[in-house]
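Visitor: I would like a close look at one part of this structure. Could you take one helix and walk me through how its sides are used and what it packs against?

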Amino acid sequence: MEDFNQLKRKLDAMSVPELYEYAREKYPENEALALGSKKIVIRKILNFERNRLNELEMAYR
């Protein structure tokens, strides 16, 4: 959970253009992550990462 807090702080510190560029570069397969207000984009990225982590955990079981 600490990783998500660090990621949230990192995203919060970014300006809007930096955040949109980060989302487009880091997640090119999911362009919808970069759409919306800053708060929504941050929430989408955190949810995406959380879902990815959950899928990895399920795959190891």
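**A close look at helix 2**

Guide: Happy to. Let's start with the partners: the buried residues of helix 2 pack against helix 1 and helix 3. Do keep in mind as we go that this is a predicted model.

Which residues are these? In helix 2, which spans residues 16-26, the buried ones are Leu19, Tyr22 and Ala23. Looking down the axis of helix 2, you would find these buried residues within an arc of 95°, so they line one face of the helix. Turn to the face pointing away from that buried side and you meet exposed residues instead, namely Pro17, Arg24 and Glu25.

Now for the packing with helix 3, which covers residues 38-60. The axes of helix 2 and helix 3 lie 10 Å apart, and the two helices pack at an angle of about 30°. Angles under 35 degrees count as roughly parallel, and that makes helix 2 roughly parallel to helix 3. Their crossing is left-handed. On the helix 2 side, the contact is made by Val16, Leu19, Tyr20, Tyr22, Ala23 and Lys26, while helix 3 brings Lys38, Val41, Ile42, Ile45 and Glu49. Sorted by type, the residues of this contact comprise eight nonpolar, three charged and no polar ones.

Helix 3 also meets helix 1, which runs over residues 2-13. Here the axes come within 10 Å and cross at roughly 155°. Helix 1 and helix 3 are therefore roughly antiparallel to each other, and helix 1 passes helix 3 in a right-handed crossing. From helix 1, Phe4, Leu7, Lys8, Leu11 and Asp12 take part, and they meet Lys38, Ile42, Ile45, Leu46, Glu49, Arg50 and Leu53 of helix 3. The residues of this contact divide into seven nonpolar and five charged, with no polar ones.

One residue ties the two contacts together nicely for a closer look: Glu49, which sits in helix 3. Glu49 is listed in the contact with helix 2 and also in the contact with helix 1. Leaving aside residues up to four places away in sequence, Glu49 touches Phe4, Leu7, Lys26 and Tyr27. Is Glu49 buried or exposed? Its relative accessibility is 17%, and because buried means under 20%, this charged residue counts as buried.

Terms used:
Residues numbered from 1 in each chain as written. Predicted model: local features only at pLDDT ≥ 70, side-chain atom pairs only at ≥ 80, totals over all residues. Heavy atoms only, no water. Helix = DSSP H or I, 4+ residues; strand = E, 2+ residues; numbered from the N terminus. Buried < 20%, exposed > 50% of the residue type's maximum accessible area, 1.4 Å probe, protein only. Contact = heavy atoms within 4.5 Å. Axes fitted to C-alpha atoms, helices over the stretch in contact; angles between N-to-C directions. Parallel < 35°, antiparallel > 145°, perpendicular 65-115°, else oblique. Left-handed = near helix turned anticlockwise from the far one by under 90°. Arc of directions from axis to C-beta.
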